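Open your viewer and get ready to click your way through a fold. We'll move from one selection to the next and see what sits beside each.

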Amino acid sequence: MAASVPSIACIGIIGKHDNPLHISLFPPHVSTPGAYIEFSFLLNSSLDIFDLRARDKNRVDQDLGLLHAIDERLSVWGWETGTGTRFAIVLDVWGRDGIEGGRGVGEGELRGAFRALQTAYIRLLQNPFYVPDEHTPMAVRQGKSRGSQITSKKFIDEVERIGMAWRPGMGNV
């Protein structure tokens, strides 16, 4: 039996007000009923761990590493920008084939994916038509926004590309 290759199951972009800006699901989870809600919950449950790690005064890197293992299959890894925007990757050790018993992933193996996500987010912020303040919970409540989710097709396509292209051991995605 062939061993499975770990893959990205979900990528979440979380705003500095703990508001979800974007969530992408990847095979085989994208077609699972209720998966979007389940992964939204997993991302939300990782916010307290982000806060604990962010308080560490000895932290030098943006890579927060493994935030928590959900079960023998899924784990959440984190990265925080200097502005408080958080990137979370839910990793599926069983891979896209769903074959049990895949190899684990070591610290730093997701750095290439996180750097690519940060680059895509920076490019989004450089777009003069994207206003990040429109995506805060307060702006949405006051009706000053069209919604709290990022809708830029170019950004979403880049996140999808990163999630599909990443493999363990990749330096750059």
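Start by selecting Ser-75 in strand 4: across from Ser-75, in strand 5 (86–92), stands Leu-91. Strands here are DSSP runs of E with at least two residues, helices are runs of H or I with at least four, and both are numbered from the N terminus. Before you click on, know that this is a predicted model, where local features need pLDDT of at least 70 and side-chain atom pairs count only at pLDDT 80 or more, while totals for chains, interfaces and linings use all residues. Residues are numbered from 1 along each chain as its sequence is written, and side-chain values use heavy atoms, with hydrogens and water left out.

Now show strands 4 and 5 whole. They run antiparallel, joined by seven bridges (DSSP has to find at least two bridges for strands to pair). Five residues lie between them in a hairpin, and Gly-84 in that turn has a positive phi of about 95 degrees.

Is strand 4 buried or exposed? Colour it and look: seven of its seven residues are buried, meaning under 20% relative accessible area, with over 50% called exposed and anything in between partly exposed (1.4 Å probe, protein chains only). One side carries Leu-74, Val-76, Gly-78 and Glu-80, the other Ser-75, Trp-77 and Trp-79.

Next, pick Gly-65, which faces Gly-78 in strand 4. Strand 3 and strand 4 make another hairpin, with four residues between them.

Zoom out to the sheet. Its five strands follow the order 2-1-5-4-3, open and antiparallel. Strand 2 (20–25) and strand 3 (63–69) are at the edges with a single partner strand each, so one side of each has no neighbour in the sheet.

Select helix 2 (residues 47–54) next. What is buried in helix 2? Leu-47, Ile-49 and Phe-50 are; looking down the axis, the buried residues fall within an arc of 160 degrees, so they line one face of the helix. That arc is taken from the directions from the helix axis to the C-beta atoms. Flip to the other side and you'll find Asp-48 and Leu-52 exposed. The buried residues pack against strand 1, helix 1, strand 3, strand 4 and strand 5, where contact means heavy atoms within 4.5 Å.

Last stop: add helix 1 (residues 35–45), whose axis comes within 4 Å of that of helix 2 and crosses it at roughly 25 degrees. Axes are lines fitted to C-alpha atoms, for helices over the stretch in contact, and angles run from 0 to 180 degrees between N-to-C directions. Leu-43, Asn-44 and Ser-45 of helix 1 meet Leu-47, Asp-48 and Ile-49 of helix 2.
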